[in-house]
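Grab a pencil and keep the 3D view open while you work. Try each exercise yourself before you read its solution.

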Amino acid sequence: MRYSFIILFLLLTSAITLTKAQDLKVIKLPDPDKTGGKPLMQILASRQSSREFSKEPLTAQQLSNLLWSAFGINRTESGKRTAPSARNWQEIDIYVTTADGTYLYDAKTHSLKQILEEDIRALTGKQDYVKDAAINLIYVADMSKLGDVSEEDKSFYSGADTGFIAENAYLYCTSENLAVVVRAMIDRDKLAKKLNLRSEQRITLGQTIGNHK
Ligand SMILES: Cc1cc2nc3c(=O)[nH]c(=O)nc-3n(C[C@H](O)[C@H](O)[C@H](O)COP(=O)(O)O)c2cc1C
C-alpha cells in the first residue's frame, strides 16, 4: 500500500516535470543575413553606448543577425565563430532575456532554447532601463571548458572572450541603428540563481539592446 502510494507520487511529479519541459519552446531563428550592413569605418565612427530604450521588440531577423554577429558559427567545417576565444575554448554562452521568457542561444542549430517562461529582464541589471529594453543578453562563462589554467587566467580569458563578443554585438547594433550598452552592474548571485547556473558557470557581463526611445 505504502509503495503504491510512493509510485503514484513519483509518477505524478514526473508527469508535471514532463509537461513543464514540453511547454518550453525551441525557436529556430531565420538564417542570418550576411550581406549588407553599413561600411565598417562608418560603424566605428558612430559606435556608442545608449541607455534609453523603447519597449518595441526586435524582429526575428534582427535577433538572428544580432546573435550570429555576436558569436555565431562563421566556418561550418570547423565550427569556429564570429568572435575569437582563447584556444578556441568557446566557453561563453549567451542567455537572451525577453518579455516572452529567457532563452539560451545554440550556435550549432542557430536557435533559441527556452529555459524560463517568465520575463526576468528587471533582474538582469541594477539600472532601471534594463526592464524596458527588448532584450538583455547575459554572457555566462563555463569555467569547466577552460582547461588546466590558473583561476586568474580563467577570469582573464573569460573576460577577454566576452569582450570580443560584446563588441561584435555593438558593431551590429550600430549598423542596424539599435541602442546598446554593455554592463557589469549586475547582481550576479541573484541572477545566477534565477538562471539555475552550475557552480562552474560565471556571469561575466550583460548587454542591453533595443530600439532607441
Ligand atoms: C566592462 C564594461 C562594463 C560596463 N558596465 C556598465 C554598466 O554596468 N552600466 C552602464 O550603464 N554602462 C556600462 N558600461 C558602458 C560604459 O560606461 C561606456 O562604454 C563608457 O562610458 C564609454 O562610452 P561609449 O561606450 O559610448 O564609448 C560598461 C562598459 C564596459 C566596457
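**Exercise 1. Read off the order of helices and strands along the sequence.**

Solution. Keep in mind that you're looking at a predicted model. Walking along the sequence, you should get α-β-α-α-β-β-β-β-β-β-α-β-α-β. Now check your tally: the protein has 5 helices and 9 strands.

**Exercise 2. Work out whether helix α4 has the span you'd expect for its number of residues.**

Solution. Start by counting: α4 covers residues 151-175, which makes 25 residues. Next, take the rise of 1.5 Å a residue, which gives an expected 36 Å. Then compare that with the model, where the distance from the first C-alpha to the last is 37 Å, close to the expected value. Finally, look just past the end of α4, where Asn177 has a positive phi of about 55 degrees.

**Exercise 3. Find the residues around the ligand and sort them by type.**

Solution. First, list the neighbours: Gln48, Ser49, Arg51, Gln127, Val181, Val182, Arg183, Ala184, Met185 and Leu205. Second, sort them, and you'll end up with 5 nonpolar, 3 polar and 2 charged residues. Third, ask which element gives the most to this shell. That's strand β8 (residues 179-183), with 3 residues.

**Exercise 4. Explore the largest nonpolar core and its best-connected members.**

Solution. Begin with the general idea: in soluble globular proteins, nonpolar side chains tend to be buried together. Here the largest nonpolar core holds 43 residues, and Ile94, Tyr139, Ala169 and Ile209 touch the most other members. Several elements each supply at least two residues of this core, among them α3 (60-71), β4 (92-98), β7 (135-142) and β9 (201-210). Now zoom in on Ile94: leaving out residues up to four places away in sequence, Ile94 touches Leu67, Ala70, Phe71, Tyr105, Leu137 and Tyr139.

**Exercise 5. Decide whether Leu123 is buried or exposed.**

Solution. Locate Leu123 first: you'll find this residue in the loop between β6 (111-116) and β7. The cut-off for buried is 20 or more other C-beta atoms within 10 Å. Leu123 has 21 such neighbours, so Leu123 counts as buried. Who's around? Apart from residues up to four places away in sequence, Leu123 touches Lys190, Leu191 and Lys194. Also check Ile186: the two residues are 63 apart along the chain, yet the C-alpha atoms of Leu123 and Ile186 are separated by 8.1 Å.

Note on methods: Residues numbered from 1 in each chain as written. Predicted model: local features only at pLDDT ≥ 70, side-chain atom pairs only at ≥ 80, totals over all residues. Near = placed C-beta within 6 Å. Helix = DSSP H or I, 4+ residues; strand = E, 2+ residues; numbered from the N terminus. Nonpolar A, V, L, I, M, F, W, Y, C, P; charged D, E, K, R; others polar. Expected span 1.5 Å × (residues − 1). Core = buried A, V, L, I, M, F, W, Y, C linked by C-beta atoms within 7 Å. Buried ≥ 20, exposed ≤ 12 C-beta atoms within 10 Å, placed from the backbone. Contact = placed C-beta atoms within 7 Å.
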